[in-house]
Amino acid sequence: MRKTKTALLAIGMVFVLAAQAAAGAQTTAYAAGKKQKAPSLAKKKITVTAGKKVFVQAKNVSAGMKVTVKQNTSSKKCVKVQWKSKKKRLFLTGKKQGSCQVKLVFIKKKKSYTSVLKVTVKSKKQPVSTPVATKGPAESFPPESIPPVNTPVSETPLPTESATPVSTPKVTLAPTQEPSPKPTYDVDALSVKDVYKDYFLVGAAINGKDEPTMALHHEGMANILKKHFNSTTLSNLMKPEHLLDEAASKASADGMPVCRFDTCDGALQFCMDNGIKMRGHTLVWHNQVPKWFFFEDYDTEKKLADAATMEKRMDSYFRQVITHCQDNYPGVVYCWDVVNECVCVDKNSYIVTSGGWKLRATTLEDNDFTHDTPISNYWYATMGETYVEKAFELARKYADKDVKLFYNDYNVFMTEKMENIYKMAEELKAKGLIDGIGLQPTVLINWPKLDSMEAGSFRVCLETYAKLGLELQVTELSFKMNGDETEEKLQIQSDRYEEFMRLLLEEDSDNGGPCNITSVTVFGICDDYPLYGDDFKQNLYLWDKFCDPKLCLHGFLRPGMQLLETQG
């Protein structure tokens, strides 16, 4: 079996998965004259860290077979176990350092088989704190003068045990369970989407500041996307500033905005031709919307348009964009980031809504945008706090029934912001308007903590949002390397990707976790983006400027590969 599997990996993961599917389809009937292989666990011993969860696959378990877990008193103190019959897996969560045994008894037609698993529980390693400069939203600035639409109300804390308020995030080097091994498989023989196909869609964003610099015009990046991914996002070219036509809008007979789609049609066609799905990004955002869109007669020398006018413009824009995608590229856009980054907890930059969550009113610095003076959130300035709910209502009006609607944001793991996103999403869910939350871990190679139960970690983030019962999608994944590139930093970056993907697999409901994770998107394909010239430098993604795989691609793949090996 090992030799066969190795050979299949060498020619592509597709064949591995096909072989596994075929093996899984074989029955284990106790037919007369046929010798039945005894059911058992795939491993005889396993090591788990205290506080962490792992699983062991069972083999030759037939339909209707009863499975009983047996532990003595000392074993129960050492490890918590749970049998999942649907997946035929035994899940183990380390409790206390030590060694013990767990027995599984398989029973069918009065025949019983016992499989013994030796378990070693290691103590949890303590991370070492390393201060670094972090980039985040501005703490305070004078708000731009815009008339408040409603009066702030008192806030109530988010009812969750894990969301404990903290003033600033601790900056630590994320721990790894053990040093990562050197790569032992050929990434050119694998497909990322096939490694994770049983769990979630895997995507890479199509970057580009305009249509001529779109990633798909680069053969290497286009080939990577075709081979390795089944989802994508246009990081810029589907935003309103690229779709709204100023001259045509000013000349329109009914006063409604006019859209053009030359910046995104090429990518949509590429996706349809190659069986790749797309996240629609984004319909409403306070950034990258032309200022003229919010003024009377689209003239910035006149007054801001009133709420009724802006609601009509929003309706027209949503109708044009959503129906254009659905009519011309059916089935490609599978979800929309309806509203992007409207929650804000920066001092003097928000109002508190009637629902008790903090809505951005102005912005000076957020994510990659910095302004000399505070800039209005013109959606709020013209429509008030109701613009968020109205956006979801209109998206629901025009989107096909199977297209999911998401709220998308960054710093989703920081406690105060997480509490406010939770309140907003809970409010929208109660009205049947939202399907999921997009989580942007566009972060550093040493911040935030990932697999930790401390406030501000990504594990706490995942488990908190999971309580809403909504889909969770990782939408803008990257681990930024600042300063000079070194072997040590490249290894840390690889370890971060590995730790993150392992955490997602563990937390995913397909593996017994609490989270319905349906998509994971790295927010780019190549470092030093080849279409921006030699002076453009960045170190974020899984391939380098020459479309050669980086060490972190191995880290990204390793948890999925280990899961496949366990199942095999």
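**Reasoning from values to terms in a predicted model**

Modeller: In this predicted model, Pro-448 has its place in the loop between β19 (442-444) and α13, and a cis peptide bond joins Trp-447 and Pro-448.

Biologist: What is the omega of the cis bond that joins Trp-447 and Pro-448?

Modeller: Omega is about 0° for that bond. The peptide bond from His-281 to Thr-282 is also cis, with omega near -5°, and Thr-282 belongs to strand β11 (residues 277-285). Most peptide bonds are trans.

Biologist: Why are α13 and α14 called roughly parallel?

Modeller: Helix α13 (residues 458-465) and helix α14 (residues 487-507) pack at an angle of about 25°, their axes lying 11 Å apart. Angles under 35 degrees count as roughly parallel, and the two helices, α13 and α14, are therefore described in that way. Their crossing is right-handed.

Biologist: Which residues of α13 and α14 meet, and how do they divide into nonpolar, polar and charged?

Modeller: From α13, the residues Phe-458, Arg-459, Leu-462 and Glu-463 meet Phe-500, Leu-503, Leu-504, Glu-506 and Glu-507 of α14. The residues of this contact comprise five nonpolar and four charged, with no polar ones.

Biologist: What makes Gln-288 count as buried?

Modeller: The relative accessible area of Gln-288 is 12%, and buried means under 20%, so Gln-288 falls on the buried side of that cut-off. Gln-288 is found in the loop between β11 and α9 (307-328), and its phi, near 55°, is a positive value in a residue other than glycine.

Biologist: How do you know that Cys-547 is buried, and where does Cys-547 lie?

Modeller: Cys-547 has a relative accessibility of 16%, which is again set against the limit of under 20%, and Cys-547 therefore counts as buried. Cys-547 lies in the loop between β21 (516-522) and α15 (551-567), with a positive phi near 65°. Most residues other than glycine have a negative phi.

Biologist: Which residues of helix α5 are buried, and what covers them?

Modeller: In helix α5 (residues 219-228), the buried residues are Gly-220, Met-221, Ala-222, Ile-224, Leu-225 and His-228. Their cover includes α4 (192-195), β9 (201-204), β10 (231-233) and α8 (265-274).

Biologist: How many of the residues of the chain count as buried, as a percentage?

Modeller: Of its 568 residues, 55% count as buried, in a chain with 15 helices and 21 strands.

Key
Residues are numbered from 1 along each chain as its sequence is written. This is a predicted model: local features need pLDDT of at least 70, side-chain atom pairs count only at pLDDT 80 or more; totals for chains, interfaces and linings use all residues. Side-chain values use heavy atoms; hydrogens and water are left out. Helices (H or I, at least four residues) and strands (E, at least two) are DSSP runs, numbered from the N terminus. Buried means under 20% relative accessible area, exposed over 50%, partly exposed in between (1.4 Å probe, protein chains only). Axes are lines fitted to C-alpha atoms, for helices over the stretch in contact, and angles run from 0 to 180 degrees between N-to-C directions. Angles under 35 degrees count as roughly parallel, over 145 as roughly antiparallel, 65 to 115 as roughly perpendicular and the rest as oblique. A crossing is left-handed if the near helix is turned anticlockwise from the far one by less than a right angle, and right-handed if clockwise. Contact means heavy atoms within 4.5 Å. Ala, Val, Leu, Ile, Met, Phe, Trp, Tyr, Cys and Pro count as nonpolar, Asp, Glu, Lys and Arg as charged, and the others, Gly among them, as polar.
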